[in-house]
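Hi,

Here is the structure I said I would pass on to you. Have a look at it first, and then read my notes underneath.

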Amino acid sequence: MAHKGQQVILLSGLSGAGKSVALRVLEDLGYFCVDNLPSPILPQTVALLDEDGYPKVAIAVDARSAHNLAAFPDYLAAMLELKIDVRLLFLEASDEVLIKRFSETRRSHPLAGEHLTITEAIAQEREILEYFLLNAYRVDTSSLTANQLRASVRDFVGLDKSRLTLIFESFGFKHGIPLDADFVFDARCLPNPHYDPVLRPLTGKDEPVIDFLKRQESVGRYLTHLIGFLEHWIPEFDRDHRNYVTVAIGCTGGQHRSVFLTEQLARHFANQRQVLVRHREPHVKN
């Protein structure tokens, strides 16, 4: 049976990274959601749901089914042969954040037990889910609010999978480097609007900050070099059949320079590529 028109989102990620929130978002968007389905029955389940009239399906696959995941690429290939639009979404977070979340909720990690500490369980889970980590649309939820995570899931759903997507993300180094970045660039060498009391409360999306940074010769050179680098190397990701490339720009607080550069890069590449913009720090509106 042909499954043209059916869309399947396979949601995976580290325990505590927000899969329950993401699954609820997908349910609100009209997806028939299934949690922790064993990999061997993925193709049959998707086929049955298609026959029953469910064109949009979201299935959570995680480390609780570890003994089945080694053959997951084969099950995925079986679905792709049926011409199903399959998309992989992976949620992750830093070890420190995950440990804190488990401590606050008083929940135990599903892989932890008598023989594994929570740190060891997280490391094992990363290893088990490596295929997803390398092939999925990745979202680092370490610093995201629930609303930011919901917005990231909605952005993901709206993407045209047939085109490579460039994700430009601003962040603050003092809050850590994003785990989901393919490229990380450091803008802390550039003039900082923070030291101007008038500009300090604003962001890189506000006109006074934009005007200030555009007047700086070093900012112009930095942006030109970034564009040149990405224009040279992004086609290589096309040739490697990658669906997503995340470019992260950081400054000290993730408020002025990184936001400005992220917006400028997105505006430049939007004429050539499918582009998404993320501003990681909560005080910057996406």
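Let's start inside, with I59. Leaving out residues up to four places away in sequence, I59 touches I9, L10, L11, V34, L37, L42 and V46. Keep in mind as you click around that this is a predicted model.

I59 is also one of the residues with the most contacts inside the largest nonpolar core, along with L10, L89 and Y137. That core has 49 residues. There is a second, separate core too, with 28 residues, and F183, I210, F212 and A266 are among them.

Next, the sheet. Four strands make an open sheet with parallel pairing, and the order is β7-β8-β6-β9. The edges are taken by β7 and β9 (274–279); each has a single partner strand, so one side of each has no neighbour in the sheet. From one strand to the next, the twist averages 20°.

If you want to see how an edge strand is held, go to β7: four bridges join it to β8 (residues 244–251), and the two run parallel. A handy place to look is F185, which stands opposite I249 in β8. Then find helix α11 (residues 257–269), which lies across β6 (165–172), β8 and β9. Its direction is at about 170° to β6.

Now for the annotated part. The UniProt record, an unreviewed entry, lists G13, L14, S15, G16, A17, G18, K19 and S20 under "binding site". Of these, K19 is found in helix α1 (residues 19–28), and S20 is found in α1 as well.

Is K19 buried or exposed? K19 is buried, because its relative accessible area is 13%, and the cut-off for buried is under 20%. Not counting neighbours within four places in sequence, K19 is in contact with L11, S12, G13, L14, D62 and L91. L11 gives you a link back to the start of this email, since I59 touches L11 too.

One last residue to look up is N192, in the loop between β7 (183–186) and α9 (207–214). N192 also counts as buried, at 18% relative accessibility. Which residues is N192 in contact with, leaving aside its neighbours within four places in sequence? They are F212, H256 and R257. You have met F212 already, as one of the residues in the second core.

That's the tour; over to you.

Cheers

Conventions:
Residues numbered from 1 in each chain as written. Predicted model: local features only at pLDDT ≥ 70, side-chain atom pairs only at ≥ 80, totals over all residues. Heavy atoms only, no water. UniProt positions renumbered as here; feature names shortened; annotations may be inferred. Buried < 20%, exposed > 50% of the residue type's maximum accessible area, 1.4 Å probe, protein only. Contact = heavy atoms within 4.5 Å. Pairing = 2+ DSSP bridges. Axes fitted to C-alpha atoms, helices over the stretch in contact; angles between N-to-C directions. Core = buried A, V, L, I, M, F, W, Y, C linked by side-chain atoms within 4.5 Å.
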